[in-house]
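Dear colleague,

I am handing over the structure below, and my notes on what was found in it follow directly after. Please read them with the model open beside you.

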2 protein chains.
Amino acid sequence: MPDHPHASPAGTLIAAHGGRLTRTRVAVLEVLLAAGQSLTHDEIGVALSRNGIKHDRVTLYRTLDWLVGAGVAHRMIGNDRARRFGVAVSGPHEHPHFHCDRCGKVVCLEGAQPAVAVSLPGGYRLDRTELLLHGVCASCDKGP
Amino acid sequence: MPDHPHASPAGTLIAAHGGRLTRTRVAVLEVLLAAGQSLTHDEIGVALSRNGIKHDRVTLYRTLDWLVGAGVAHRMIGNDRARRFGVAVSGPHEHPHFHCDRCGKVVCLEGAQPAVAVSLPGGYRLDRTELLLHGVCASCDKGP
DNA sequence: GTGTAATTGCAACATAGTAGCATTTGACGC
DNA sequence: GCGTCAAATGCTACTATGTTGCAATTACAC
Ligand SMILES: [Mn+2]
Ligand SMILES: [Mn+2]
Ligand SMILES: [Zn+2]
Ligand SMILES: [Zn+2]
């Protein structure tokens with residue numbers, strides 16, 4: 001719908017992955033790019049509305065699925081059973097994450113995943129490792 | 001309901017944590033002790049039924065919550081959004097876990113959690129770390 | 001045995017996500 | 001620009017997983 005959607009970094013990213021340039025797709029990716037942390041489906045929906053983007057719940061789910069499938073975004077499940085989405089900056093987010101066990105917030109941490117030396121049972125195939133630090137975030141630690 | 005529920009390891013464990021010895025509680029813990037892996041609420045329910053233990057869905061949820069609160073069991077969330085429960089053998093399961101991204105199965109791995117040297121943002125409090133290995137389990141790798 | 005708080009069972013509710021299908025639209029060739 | 005058509009959308013239902021409120025039951029201390 002914008003005159004030149006390709007002009008934005010979001011549009012470029014989407015096009016680079018062979019996806020159609022749709023209003024919701026671009027808007028969602030812009031939200032993810034602007035966010036400093038992983039966001040839930042709901043949080044993204046609220047952000048879209050704030051940006052004046054009318055959208056459907058299901059379309060948003062499908063848009064997020066597409067972004068993940070295309071490798072543009074990554075998805076992780078929080079202790080609150082909600083999936084959170086973020087831009088996949090370099091590969092499938094090979095960095096540790098912090099999960100706030102109070103509010104569910106997830107933040108990406110700097111630094112590489114530690115080298116793992118764990119032996120798997122026979123026949124098991126390893127795809128990737130994930131290091132989670134669980135605790136309480138700054139705002140939850142203060143607040144009630 | 002059994003004549004001497006204290007006689008079983010399950011009964012002993014529950015009593016040691018100051019909990020009332022109820023039929024479902026003992027039966028659930030026995031299922032967890034017998035399982036070689038973490039089980040979902042549903043899988044535990046099926047196991048109970050197979051053992052002839054009539055039970056209520058909600059009671060099972062509450063029983064599992066109690067076991068986790070008492071530190072007898074631990075709970076983790078899988079990529080399929082289902083919580084899985086296992087006996088907490090030594091502390092809050094300080095060992096790595098393997099998650100099958102195909103069927104959701106979770107298995108506890110031997111070995112200790114690697115020492116982590118990640119710096120958290122200011123004000124964040126770290127409670128525990130969790131190392132997840134993602135991949136495909138042996139049965140999923142064979143089967144369709 | 002009795003009293004009482006913990007536990008259960010049931011029905012209703014909540015949240016997060018998925019499926020089917022008719023309608024709309026982005027991209028492509030002209 | 002214009003027609004074509006698969007990809008994407010917007011609905012409406014539906015599923016899976018877990019929670020709440022409350023009256024009835026039960027384990028256990030006495
Ligand atoms: Mn990340
Ligand atoms: Mn474990
Ligand atoms: Zn928090
Ligand atoms: Zn599997």
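**Contacts with the DNA and a helix pair in chain B**

In this predicted model, a polar side-chain atom of B:Arg25 lies 2.3 Å from a phosphate oxygen of DNA strand C. Chain A also reaches phosphate oxygens of that strand: a polar side-chain atom of A:Tyr61 lies 3.1 Å from one, and a backbone N or O atom of A:Arg83 lies 3.1 Å from a phosphate oxygen of DNA strand C.

Taken as a whole, the surroundings of DNA strand C comprise 18 residues, the closest being A:Leu21, B:Arg20, B:Thr22, B:Arg25 and B:Arg62. By class, this surface has four nonpolar, four polar and 10 charged residues, and helix 4 (57-70) of chain A and helix 4 of chain B each supply at least two residues of it. On the DNA side, 60% of the atoms of strand C within 4 Å of the protein belong to sugar or phosphate, while the rest belong to bases.

B:Arg25 also takes part in a contact inside chain B, where B:Thr24, B:Arg25, B:Val28, B:Leu29 and B:Leu32 of helix 2 meet B:Leu60, B:Thr63, B:Leu64, B:Trp66 and B:Leu67 of helix 4. This contact has, by class, seven nonpolar, two polar and one charged residues. How do the axes of helix 2 and helix 4 of chain B cross? The axes of helix 2 (residues 23-34) and helix 4 (residues 57-69) of chain B come within 10 Å and cross at roughly 70 degrees, which means that helix 2 of chain B is roughly perpendicular to helix 4 of chain B. The crossing of these two helices of chain B is right-handed.

With best regards

Definitions and conventions. Residues are numbered from 1 along each chain as its sequence is written. Chains are lettered from A and ligands numbered from 1 in the order in which they are written. This is a predicted model: local features need pLDDT of at least 70, side-chain atom pairs count only at pLDDT 80 or more; totals for chains, interfaces and linings use all residues. Side-chain values use heavy atoms; hydrogens and water are left out. Axes are lines fitted to C-alpha atoms, for helices over the stretch in contact, and angles run from 0 to 180 degrees between N-to-C directions. Helices (H or I, at least four residues) and strands (E, at least two) are DSSP runs, numbered from the N terminus. Angles under 35 degrees count as roughly parallel, over 145 as roughly antiparallel, 65 to 115 as roughly perpendicular and the rest as oblique. A crossing is left-handed if the near helix is turned anticlockwise from the far one by less than a right angle, and right-handed if clockwise. Contact means heavy atoms within 4.5 Å. Ala, Val, Leu, Ile, Met, Phe, Trp, Tyr, Cys and Pro count as nonpolar, Asp, Glu, Lys and Arg as charged, and the others, Gly among them, as polar. A residue is near a molecule or strand if one of its heavy atoms lies within 4 Å of it. A polar contact is a pair of N or O atoms within 3.5 Å; within protein, one must be able to donate a hydrogen and the other to accept it, and residues adjacent in sequence count only if both atoms are side-chain atoms.
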